[in-house]
Amino acid sequence: MNDYEERKQARIDRLHEKAEKARAESHSLFKQSTDMASAIPAGQPVHGPADRRYREKIGRKMDQSIAALEKADYYERKAQAAENNTAISSDDPEALAKLKEKLEDLQISQTRMKQINAYYKKNGTCRGFHGLSDELADKLEADIQYHPWDKRPFAAYALSNNNQNINAVKKRIARLTEAKEVGYQGWEFDGGKVVANEDMNRLQIFFDAIPDEEVRKELKGWSFKWARSVGAWQRQLTSNAIYAASRIPAIRPSDGSDPVKIQPKRKPRTGPQR
């Protein structure tokens, strides 16, 4: 498990812990409310201001119990969503390798869909296609009823959607590859430094002291966010991030250079250009 995956798992664990804490709080408040209510005989009318305040307190505790339970459910949903999220983040050091693997799977899937369509056209059935179970073959044939305008196991839209995913992954691979090849450079400024952290895929700004409110406002305006875990203001490491940083006077290089111009030149692309 790499650092990114460890951070992701740590976040999931924190969400589960928050859910557990909120659920325990809800249980405690519920018990306090019911214990207090049990002291009042059933059907007993309100006896004066003190009794009314006591009953109101019971109601508040019950409301707080419900709110805590809703909070627990919220954190559990967040944790579940994080666990089920299989999207490949550009922050993951293994993102390039995972994207290439995903691209290969999508390309294999595209080829297989085309082969099954050709087999069906020739034989009038999907049964007998290499590696395809009879159950799946029958399901593919049954699914044709859902796209009667295209009498193939895999309609044109299925092939088109998969091809769009292929192109999207190719573009992400190209962007990540270019970022690694460029080798972005950080710089020092009066009161701190800017670091191009390739491992975390972040442009990070470290201040020697807490920046004033106006600088913090500028940082937020250029999409930099405070990351307490690393003690830096940061955003994804891209050419746009470098440009954004260059527009913030407080973090311009001490030597007066332009952050954009000190970046290495991009390597020229080879092969036919479109």
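Hi everyone. If we read along the sequence, this chain follows the pattern α-α-α-α-α-β-β-β-α-β-β-α. Counted up, that is 7 helices and 5 strands. Please keep in mind that what we have here is a predicted model.

Now, how spread out is the chain? The radius of gyration is 29 Å, well over the 19 Å that the globule rule gives for 274 residues, so the chain is more spread out than a compact globule. You can also look at the C-alpha trace, which spans about 85 × 70 × 35 Å along its principal axes. As for what is covered up, 32% of the 274 residues count as buried.

Let me show you one buried residue. Please find Leu-203, which sits in strand S3. Leu-203 counts as buried because its relative accessibility is 0%, and the cut-off for buried is under 20%. Which residue can we pair with Leu-203 across a stretch of the chain? Take Ala-241: the two are 38 residues apart along the chain, and their C-alpha atoms are separated by 6.8 Å.

Next, let's go to the loop between strand S2 (192–197) and strand S3 (202–207), where we find Asp-199. Is Asp-199 buried or exposed? With a relative accessible area of 62%, Asp-199 is exposed, since the cut-off for exposed is over 50%.

Asp-199 also has company on the surface: together with Asp-3, Glu-6 and Glu-198, Asp-199 forms a patch of negative charge there.

So, two residues to take away: Leu-203, buried in strand S3, and Asp-199, exposed in the loop between strands S2 and S3. Thanks for listening!

Methods. Residues are numbered from 1 along each chain as its sequence is written. This is a predicted model: local features need pLDDT of at least 70, side-chain atom pairs count only at pLDDT 80 or more; totals for chains, interfaces and linings use all residues. Side-chain values use heavy atoms; hydrogens and water are left out. Patches are made of residues with over 30% relative accessible area and no salt bridge: like charges are joined within 9 Å, nonpolar side chains (Val, Leu, Ile, Met, Phe, Trp, Tyr) within 5 Å. Accessible areas come from the Shrake-Rupley method with a 1.4 Å probe; for residues, only the protein chains shown count as cover. A salt bridge is a side-chain nitrogen of Lys or Arg within 4 Å of a carboxyl oxygen of Asp or Glu. Lys and Arg count as positive and Asp and Glu as negative; His and the chain ends are not counted. The place of a charge is taken as NZ of Lys, CZ of Arg, CG of Asp or CD of Glu. Helices (H or I, at least four residues) and strands (E, at least two) are DSSP runs, numbered from the N terminus. Buried means under 20% relative accessible area, exposed over 50%, partly exposed in between (1.4 Å probe, protein chains only). The radius of gyration is taken over C-alpha atoms; the globule rule is 2.2 Å times the number of residues to the power 0.38.
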